[in-house]
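Student: I should like to go through this structure by asking what justifies each term applied to it. May we begin with the place where the chains meet?

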Amino acid sequence: MNKHRRLMLHSAAALAGACLLARRGAAAAAVPASLSPDERALHALNRLGYGPRPADAAAIAEQGAEKWLDRFLTEQLEPRRLPQPAELTERLVGLDVLKLGQAELLGRYREAVKATREAKREQAKGETPSADALNAVREKVRPLVQQAATARLARGLQSAAQLEEVLTEFWFNHFNVYAGKNAVGVLVADYEQRAIRPFVLGRFRDMLGATARHPAMLIYLDNAQSVAPGYEPARAGRRFLEARPELKARVPKGLNENYARELMELHTLGVDGGYTQRDVTELARMLTGWGLDARKALIGGTGDLFAFEPRKHDGGTKTWLGQTVRGAGQAEGEHALDVLATHPATARHLARKFAQAFVADEPPASLVDKLAANFRATGGDLREFTRTLIRADEFWSRDAYQAKFKTPYQYLLSSLRALDMPLANPQPLLQALTQAGQPLYGAQTPDGYKTTAAAWRNPEALTQRVQLATTLGQRSGVSADRLGTTLGASVSEPTRRALVTEPAGQQVALLLASPDFMKR
Amino acid sequence: MLRRQLLHFGAFTIGGLPVSLVRAQGSAQKKMVVVMLRGAVDGLSVVAPYGEREYAASRPQIALPAPGTDDGLLKLNSLFGLHPSLAPLKRHWDGGQLAFVHASGSPDPTRSHFDAQDYLESGTPGRKSTPDGWMNRLLTALPGEPAPTRAISQGSTPPRIFAGTASVASLGIGPNAMQRRAIDDPQLQAGLAKLYASDAQLSGTLRETTEGRDEMARSMASGNEPRAMDPTADAGAPSARSFAADARRLGTLIRKDPHTQLAFTAVGGWDTHVNQGAARGQLANRLASLGEGLDALTVGLGDTYRDTVVVVVSEFGRTLRQNGNGGTDHGRGNVMWLLGGPIAGGQVLGDWPGLDTAALADGRDLAVATDFRQVLAPVLQRHLGLSETSLATVFPQAPQTWRYADKLMRA
């Protein structure tokens, strides 16, 4: 009994909650329309970050929720000024994948593929190649993907710049690439580091351009292989192919519309953005020649891999989205990105998706309008776009509070943060995400993962969350009191009351599996 | 709310005995399994129209060789051949339990994977606002009593096709899918039920979870047959995590649970824009694993295969002509596969528009001559016993009756 009382009293929200309790008990309609300062602070941590850690709860208690929140919001919009924990910095420094250039990364992939291919050939001849050679792709590529995933998890758990992390997750997912496709796995860390992170509070057009030119995207959506019909390699390439006739069938011979379609459907205009199949084909023609530097890619150079190759480009006149586009080489693609980045359909598409991810599965139209208007007015300034979200009444409304069902990724990270667990071995965590249907860097399709409850709430998900809650609860050694304190105002009074009557041994698991913690 | 309560009683309290025991000897329940190939499988490689001159001409590197040649198609008739990687399914064709409907698909012309899948799963092409999936509406419309495991979704995430108000059990992927988990602890369940009491959605999910898992565990434990039903089937045992093992587990569960009538599973990875290959290569490997898996599903189904219709669908087909990279881009018409005892197999049904440029959709893709709902309707009505009125709730504004409807099912 004593223990149960402690859980109630130690919670940061106990006082605010007690007031609420009286009103809520009388009638649900009596819940105040506006959020209390404590609720606002927790809302910010849950939506603009991966949830509270014990230290956050302590800081809120010490500084007072209002003061803490003002400072938090200001700091989060200027993430570069935030000092990072030494532990995180050290961990990131230890990861090779963040230090290698694109050409070196691709080189590692190609070496591994070659070693495996040769080993298999030997095997077919009845020889016994070394296991290392046979498994080279697995042994050399997987650690690089795992390093990327370790970096992402470590930042999500420990970075002081939490908003930057949730925005990175959002925009990576928006411009999704799949680590399981060919060489994308070795490039995925560089993609996130160079094409996404620098722009999450920068300009949309810059991110769009950086993803369009990144080898991970060029490989994932096949644009590196999309060429003008009738393309013939240059003389040096032809000589190379004479020596390697088996590669001849792989020389691209014409258009591949994969990237052009998803660029309009997913990255910019949206599926109802008013383009036709003809526009897809014409945009694919405009983007021919955007690919990888063949010399660097094949022979092993250094630095970035993007190259525009005029020989592969279809220089003819195109009719795209009602305009006539004359042959202008790489400038045609840049022009297309300019048009797409400033198109009203793009503003609307991004506004709705952003509001859905950060506010509600069915976001208020007023908020979508506000975000779209801001995007258009600022020419796609994502800092202003994010600031518009954070300043919106809709974001802080009672309807939005605890209204989003966490994705498996959010559920995992917020659990580890709330329990203050160190990131010792990422492997079981990555496996848990795979089991839950959200492998990190493992969304196969270019639409990435959904952020709505309908996509994640089902019996299998519940089974897995309860399993994780039980395992982490036992492993962390954290008491229900302490966890309750950390979660503060995000745990409702009914939940706190129901919890105290449960056996002490299962209180932590139940709190993590509670509706309050399943949502954010 | 009433429905939920009924569900609860229906599942556990008839004469104090679990329903599975009471009804296990009852009349054979009709079943349907839908397998969705996400990413748009190349139907022109699955059932290839080798008899059309345009077929090989449009696909210099990726057309499959005619039947009777090395790595050639498995002959179905004078026009069509089956991809050689699908050899495990040939016995179903020869046995009259496998039919195809070619040039089928959605009347909506979108070439977006995501919209097309959405329409295929909502059952309302062209309408995005439909809140539920057609298999959930079917579950509600199905004659007979509800039960927690009447519908099973295999996979870790909820598919759009099962979205809706009726309860659906879920079966995970991999060898541990049926293992006992923390949520099976009654004490923890009781605690969760209390916490979820004021959250209608989560308490619904919790009930689906506990009732479904309970029933599935009981069904899997029932019977006295050896674990491997067909001793030869494990000889070339598929790796534990492969589709074949999952499909077989699903089939076994359907056989052992007399309540299960609907199941859904999905297989991804068909978006072959680059080097899809022909008799060998990327697509061939995928199809081999799929064919093996569908065959394993029927092995798991055992004697209930005679009461089961398995439908394999994909959101749209792929371009007739290969693209610049030995792959294919997004197209229109595809092929639907139908397996099972009730199917009048051994035939490729539906009007065939042909591959002449004038007959192609937008001058590039196999046209859609048959609406996917026209093919599903006879399965729902004649096999699952849906009335005309109920059918209209599953597929509102469905197209007119298919002229081959009488030929699809056995009399």
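Tutor: Let us begin there, bearing in mind that this is a predicted model. The side chains of Arg364(B) and Glu257(A) meet in a salt bridge, at 3.0 Å from N to O.

Student: Why is the pair Arg364(B) and Glu257(A) called a salt bridge?

Tutor: The term requires a side-chain nitrogen of Lys or Arg within 4 Å of a carboxyl oxygen of Asp or Glu. Arg364(B) and Glu257(A) have a distance of 3.0 Å, N to O, so the pair satisfies that cut-off. The count of salt bridges between chain B and chain A is four.

Student: Which elements of chain B each supply at least two residues of the side that touches chain A?

Tutor: They are helix 6 (113-122), strand 7 (169-171), helix 8 (186-196) and helix 9 (200-221). The residues on that side of chain B divide into 14 nonpolar, 21 polar and 13 charged.

Student: How many residues of each chain are in contact, and how much area is buried between the chains?

Tutor: In chain B, 48 residues are in contact with 55 residues of chain A. The two chains bury about 4,100 Å² between them, with 54% of it on carbon and sulfur atoms. There are also 19 residue pairs in polar contact between chain B and chain A, both residues being at pLDDT 80 or more.

Student: What makes His259(B) count as buried?

Tutor: Buried means under 20% relative accessible area. His259(B) has 5% relative accessibility, and therefore counts as buried. His259(B) is placed in the loop between helix 10 (243-256) and strand 8 (262-267) of chain B.

Student: What makes the meeting of the side chains of His259(B) and Glu215(B) a polar contact?

Tutor: The pair of N or O atoms must lie within 3.5 Å. The side chains of His259(B) and Glu215(B) are listed as a polar contact at 3.1 Å, a value that meets this distance cut-off.

Student: Is Ala103(B) buried or exposed, and what is notable about its phi?

Tutor: Ala103(B), in strand 5 (residues 98-105) of chain B, has 0% relative accessibility and so counts as buried. The phi of Ala103(B) is positive, about 55°, although the residue is not a glycine.

Student: Why is Asp362(B) called exposed?

Tutor: Exposed means over 50% relative accessible area. Asp362(B) has 58%, and is therefore exposed. Asp362(B) is found in the loop between strand 11 (348-349) and strand 12 (370-371) of chain B. Its phi is near 55°, a positive value in a residue other than glycine.

Methods. Residues are numbered from 1 along each chain as its sequence is written. Chains are lettered from A and ligands numbered from 1 in the order in which they are written. This is a predicted model: local features need pLDDT of at least 70, side-chain atom pairs count only at pLDDT 80 or more; totals for chains, interfaces and linings use all residues. Side-chain values use heavy atoms; hydrogens and water are left out. Helices (H or I, at least four residues) and strands (E, at least two) are DSSP runs, numbered from the N terminus. Buried means under 20% relative accessible area, exposed over 50%, partly exposed in between (1.4 Å probe, protein chains only). A polar contact is a pair of N or O atoms within 3.5 Å; within protein, one must be able to donate a hydrogen and the other to accept it, and residues adjacent in sequence count only if both atoms are side-chain atoms. Contact means heavy atoms within 4.5 Å. Buried area is the accessible area (1.4 Å probe) that two parts lose on being put together, summed over both. Ala, Val, Leu, Ile, Met, Phe, Trp, Tyr, Cys and Pro count as nonpolar, Asp, Glu, Lys and Arg as charged, and the others, Gly among them, as polar.
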